[in-house]
Amino acid sequence: MLRVTKNKYTMNTSTAFIILTVAALIHASFQLGTSMLTLLSSHTIGRKKSHARLLLLTNSFVSGVLVMTILLVSFCAMALLRFSGTDNTQILWVAICGISMMLGISVWLFYYRKEKGTSIWIPRAWAAFLTTRTKKATHSSEAFSLGMSSVIGELLFLFAPLLVAGLALIELTPALQLAGVTYYGIVSSLSLVIVSALVGSGHSISRIQKWRETNKGFLQFAAGSGLLVLGFYLYVNEVAASASTIAVGGM
Amino acid sequence: MTTPAIDTHVVKRGGARTTERFSPEKLHASVQAACLSVRSPEGEAEIIAHRVVAAASQWCYQKSTVTSRDIRRIAARGLELLHPEAAYLYQTHEMVV
């Protein structure tokens, strides 16, 4: 798994992409964007707007999410690149493993509110603002901005997978970094693409929402467990394995 | 719409804003939107909204003040009988985000 080059330990490309995939899938399991997309679709249909307008708004929303995710993961990678070095990288991995595991436990405990519906644990004023703005959105630019805001609104939960992805990205070559950023953006938006396709193909919004509400416990458990497992895997693969390689190399 | 005028005042959610007169048109629009959101045909949505508003107006009759939550609850109860899917969306749309 690890390649040793003059005391610098870098992961190979396939490991980096596996980490990116898992981080992106965890990112995709967070639900603020899906909630807002459901609300946006329901209000657009309820206002008797055309199907073309519905598709335009949902696609704009998904594009907004995709763009903001790519911007954030690129920012994380760039910021981590500035701090990383031969020694600092290990410290960064340890810190990110800790953050990931702590956040995993927090998601288990807090992600969804203990009430009917799919309200999540974000400040209520922010949730009310997003709800109001989503209901009023009629233009594609508004939907695009809402998509971007949904990523920002959930940053409290998203920063662990974003940091993990950032740190995995800086281990890649520049050309692969670009591919990695795009790949992360696409995989993390998959849940929204699926909901958008379901709405676009004529599925009932209430059935989608009911499914989300029925399975919210499972989604919460999956996201929390994903973060815990990812944190543990990274600790074993990037921290403990490197430490043992150094110890063996020093003997 | 043939709903008679009702002199009932509605206390808005949270009680912070001023009260307003009960508006059957407003309730009609929200129930109709809920039905349309679950892709009911327009005619069906119109009929269902009309019936729900009639039931809610009857409930409001001779009450001087009600809360918007009361109206929503009564409307949801009526809608549940006529279109359960729309009623689900109507009841939970504030609890999505």
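**A walk from chain B into the shared core**

Start by selecting chain B: of its 97 residues, 37% are buried. Keep in mind as you click around that this is a predicted model.

Now colour chain B by secondary structure. You'll find four helices and three strands. Trace the chain from the N terminus and the elements come in the order β-β-α-α-β-α-α. How much of the contact map of chain B comes from residues 24 or more positions apart? Counting contacts with a separation of 6 or more, such pairs account for 57%.

Next, pick Val31(B) and show what surrounds it. Setting aside neighbours within four places in sequence, Val31(B) is in contact with Ile48(B), Ala49(B), Val52(B), Val53(B), Ala75(B), Leu79(B) and Tyr90(B).

Val31(B) is also a good way into the largest nonpolar core, which has 89 residues. Select Val31(B) together with Cys35(B), then add Ala23(A), Leu40(A), Phe61(A), Val164(A) and Ala165(A): these are the members that touch the most other members of that core. Which helix gives the most to this core? Highlight residues 51–83 of chain A: that's helix α3, and 11 of its residues belong to the core.

Last stop: the place where the chains meet. Show 14 residues of chain B and the 24 residues of chain A they are in contact with. On the chain B side, look at α1 (24–37) and α4 (84–92), as each supplies at least two of the residues touching chain A. Colour that side by class and you'll get nine nonpolar, three polar and two charged residues.

Note on methods. Residues are numbered from 1 along each chain as its sequence is written. Chains are lettered from A and ligands numbered from 1 in the order in which they are written. This is a predicted model: local features need pLDDT of at least 70, side-chain atom pairs count only at pLDDT 80 or more; totals for chains, interfaces and linings use all residues. A nonpolar core is a set of buried Ala, Val, Leu, Ile, Met, Phe, Trp, Tyr and Cys residues joined through C-beta atoms within 7 Å. A residue is buried if 20 or more other C-beta atoms lie within 10 Å of its own, exposed if 12 or fewer, and partly exposed in between; C-beta atoms are placed from the backbone. Two residues are in contact if their C-beta atoms, placed from the backbone, lie within 7 Å. Ala, Val, Leu, Ile, Met, Phe, Trp, Tyr, Cys and Pro count as nonpolar, Asp, Glu, Lys and Arg as charged, and the others, Gly among them, as polar.
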